[in-house]
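Biologist: Got a minute to walk me through this one? I'd like to start with the overall layout and then get to the charged pairs.

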Amino acid sequence: MATDVKKQPMDVESILKINSPIERTKDGPIELVYRNESEGWAIVSLYWDSNPTLGIRWFWGTYGTPVSYNNPQWFIIPEGLHQAILNQLPISVKKRQTVVQFLSQDKIDNSKDSKSEITE
């Protein structure tokens, strides 16, 4: 990336407020896994369509990428790349274990009714 390209804010609050498209990330929360400020990208763990996964985005230029209708979005990393990416990130063993545990969860089941019925 050219050094004269304007970078977007990469503070944790700015990174974590990206939740677009909202209907696909509604199960939150989004957690920062790693950010590389010198290259302008960050990786997060999040629920996407109720599935635990990883997302990445670049924070450069006017809007960063990916973006849709001027809204910053996450590029969802395919599941088959999760381990390879995590193995290359300079994060602590504890952080890696936490992320791996998050990714190993089952999909959130949003179809269950929160009210329980008593049957006789």
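Modeller: Sure. Keep in mind that this is a predicted model. Helix α4, residues 93-103, lies across β1, β2 and β3, and runs at about 125 degrees to β3.

Biologist: OK, and what's the strand order in the open sheet?

Modeller: The order is β1-β2-β3-β6, four strands with antiparallel pairing. β1 (31-36) and β6 (75-77) are at the edges with a single partner strand each, so one side of each has no neighbour in the sheet. From one strand to the next, the twist averages 35 degrees.

Biologist: How many bridges pair β2 with β3?

Modeller: Eight, in the antiparallel sense, between residues 41-48 and residues 51-58. As for who faces whom, Ala42 stands opposite Arg57 in β3.

Biologist: Switching to charges: how many salt bridges does a search of the whole structure find?

Modeller: Three. One of them joins Arg24 and Asp49, with the closest N and O atoms 2.5 Å apart. Arg24 sits in helix α2 (residues 22-25) and Asp49 in the loop between β2 and β3, so this pair ties together parts 25 residues apart in sequence.

Biologist: Are those two buried or exposed?

Modeller: In between. Arg24 is partly exposed at 33% relative accessible area, and Asp49 is partly exposed at 31%.

Biologist: And which residue does Arg35 bridge to?

Modeller: Glu37, at 3.7 Å between the closest N and O atoms. Arg35 is partly exposed at 28% relative accessibility, and Glu37 is partly exposed too, at 45%.

Biologist: What about Lys26?

Modeller: Its side chain meets that of Asp27 in a salt bridge, 3.9 Å from N to O. Lys26 counts as exposed, at 54% relative accessibility.

How values were computed: Residues numbered from 1 in each chain as written. Predicted model: local features only at pLDDT ≥ 70, side-chain atom pairs only at ≥ 80, totals over all residues. Heavy atoms only, no water. Pairing = 2+ DSSP bridges. Helix = DSSP H or I, 4+ residues; strand = E, 2+ residues; numbered from the N terminus. Axes fitted to C-alpha atoms, helices over the stretch in contact; angles between N-to-C directions. Contact = heavy atoms within 4.5 Å. Salt bridge = Lys/Arg side-chain N within 4 Å of Asp/Glu carboxyl O. Buried < 20%, exposed > 50% of the residue type's maximum accessible area, 1.4 Å probe, protein only.
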